[in-house]
Amino acid sequence: MRFLNVLVLSLVLLLLEAGLGPGRAPMVRPDFLLVAVVLWGLTLGVQQALLAAAVGGLMLDAVSAAPLGMHVVALMLASLPAMLRDRELVESRFVLALVLAPVATAIYYGVSLMALLATGR
């Protein structure tokens, strides 16, 4: 059942990423899949976040011109800081989400940049 939830979430996010959702300004491009994976990890745990990252990343790789597997690896590494949820460093998960969102974004785009540089694209 959880796999079905991840699959439906990934399909919806993939449609949003592909620009098939509601209209938005051309310069504003939020990364819905990254946000969903991080929040999924904060609410359901790292295992579910890794599953969501794998399914969503494969779908995003299927429709992008990036090297195959780049989004999967970048999303999986970006979801790992959600392990801090179990450590209970702060009482509020909202504060943890505010801290982890920029960290996960930096990891995701850093790994993506390294993959693109390594492949010469």
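**Exercise 1. What covers helix H4?**

Task: state what covers the buried residues of H4, and decide how far H4 is enclosed by the rest of the structure.

Solution.
1. The cover over the buried residues of H4 includes helix H2 (32-44), helix H3 (46-63) and helix H6 (93-119). The model is a predicted one.
2. List the residues under that cover. They are Met70, His71, Val72, Ala74, Leu75, Ala78 and Ser79.
3. Set them against the helix. H4 spans residues 70-79, and 7 of its 10 residues are buried, so the rest of the structure largely encloses it.

**Exercise 2. The overall plan**

Task: give the secondary-structure pattern of the protein, its buried share and its exposed area.

Solution.
1. Count the elements. The protein has 6 helices and 0 strands.
2. Read along the sequence. The pattern is α-α-α-α-α-α.
3. Take the buried share. Of the 121 residues, 37% are buried.
4. Turn to the surface. About 7,300 Å² is exposed, and carbon and sulfur atoms supply 72% of that area.
5. Look at contact range. Take the contacts between residues at least 6 apart in sequence: 61% of them join residues at least 24 apart.

**Exercise 3. H2 against H4**

Task: classify the packing of H2 and H4 as parallel, perpendicular or oblique, and describe the residues that make the contact.

Solution.
1. Start with the geometry. The two axes come within 9 Å and cross at roughly 40°.
2. Classify the angle. Roughly parallel requires under 35 degrees, and roughly perpendicular runs from 65 to 115. H2 is therefore oblique to H4.
3. Add the hand. The crossing of H2 and H4 is right-handed.
4. Name the residues. H2 contributes Leu33, Leu34, Val37 and Val38, while H4 contributes Leu75, Ala78 and Ser79.
5. Sort them by class. The contact of H2 with H4 has 6 nonpolar residues, 1 polar and no charged ones.

**Exercise 4. H2 against H6**

Task: work through the packing of H2 and H6 in the same order, beginning with the angle and the axes.

Solution.
1. The angle is about 135°, and the axes lie 10 Å apart.
2. Roughly antiparallel requires over 145 degrees. H2 and H6 are therefore oblique to each other.
3. The crossing of H2 and H6 is right-handed.
4. From H2 come Leu34, Val38, Leu39, Leu42 and Thr43; from H6 come Arg93, Leu96, Ala97, Leu100, Ala104, Thr105 and Tyr108.
5. The classes are 9 nonpolar, 2 polar and 1 charged.

**Exercise 5. Leu42 in its setting**

Task: is Leu42 buried or exposed, and which residues does Leu42 touch?

Solution.
1. Place the residue. Leu42 belongs to helix H2.
2. Check its accessibility. The relative accessible area is 4%, so Leu42 is buried.
3. Find its partners. Beyond four places in sequence, Leu42 touches Ala82, Arg85, Arg93, Leu96, Ala97 and Leu100.
4. Consider chain separation. Leu42 and Met83 are 41 residues apart along the chain, yet their C-alpha atoms are separated by 8.0 Å.

**Exercise 6. Around the start of H4**

Task: trace the contacts of His71, Ala66 and Ser112, and say for each residue whether it is buried or exposed.

Solution.
1. Begin with His71, in helix H4. Its relative accessible area is 9%, so His71 is buried.
2. List its contacts. Outside four places in sequence, His71 meets Gly57, Leu60, Asp61, Ser64, Ala66 and Tyr108.
3. Follow one of these, Ala66. Ala66 sits in the loop between H3 and H4.
4. Apply the cut-off. Buried means under 20%. Ala66 has 19%, so it counts as buried.
5. Find its partners. With neighbours within four places set aside, Ala66 contacts His71 and Arg121.
6. Add a distance. Ala66 and Ala115 are 49 residues apart along the chain, with C-alpha atoms separated by 8.9 Å.
7. Finish on helix H6, where Ser112 is found. Ser112 is buried, at 7% relative accessibility.
8. Its partners beyond four places in sequence are Met70 and Ala74. Both are among the buried residues of H4.

**Exercise 7. Val12 in H1**

Task: where does Val12 lie, and how far is Val12 from Gly56 in space?

Solution.
1. Val12 is part of helix H1 (residues 2-17).
2. Its relative accessible area is 45%, so Val12 is partly exposed.
3. Val12 and Gly56 are 44 residues apart in sequence and 9.8 Å apart in space, C-alpha to C-alpha.

Conventions
Residues are numbered from 1 along each chain as its sequence is written. This is a predicted model: local features need pLDDT of at least 70, side-chain atom pairs count only at pLDDT 80 or more; totals for chains, interfaces and linings use all residues. Side-chain values use heavy atoms; hydrogens and water are left out. Buried means under 20% relative accessible area, exposed over 50%, partly exposed in between (1.4 Å probe, protein chains only). Helices (H or I, at least four residues) and strands (E, at least two) are DSSP runs, numbered from the N terminus. Contact means heavy atoms within 4.5 Å. Axes are lines fitted to C-alpha atoms, for helices over the stretch in contact, and angles run from 0 to 180 degrees between N-to-C directions. A crossing is left-handed if the near helix is turned anticlockwise from the far one by less than a right angle, and right-handed if clockwise. Ala, Val, Leu, Ile, Met, Phe, Trp, Tyr, Cys and Pro count as nonpolar, Asp, Glu, Lys and Arg as charged, and the others, Gly among them, as polar. Accessible areas come from the Shrake-Rupley method with a 1.4 Å probe; for residues, only the protein chains shown count as cover.
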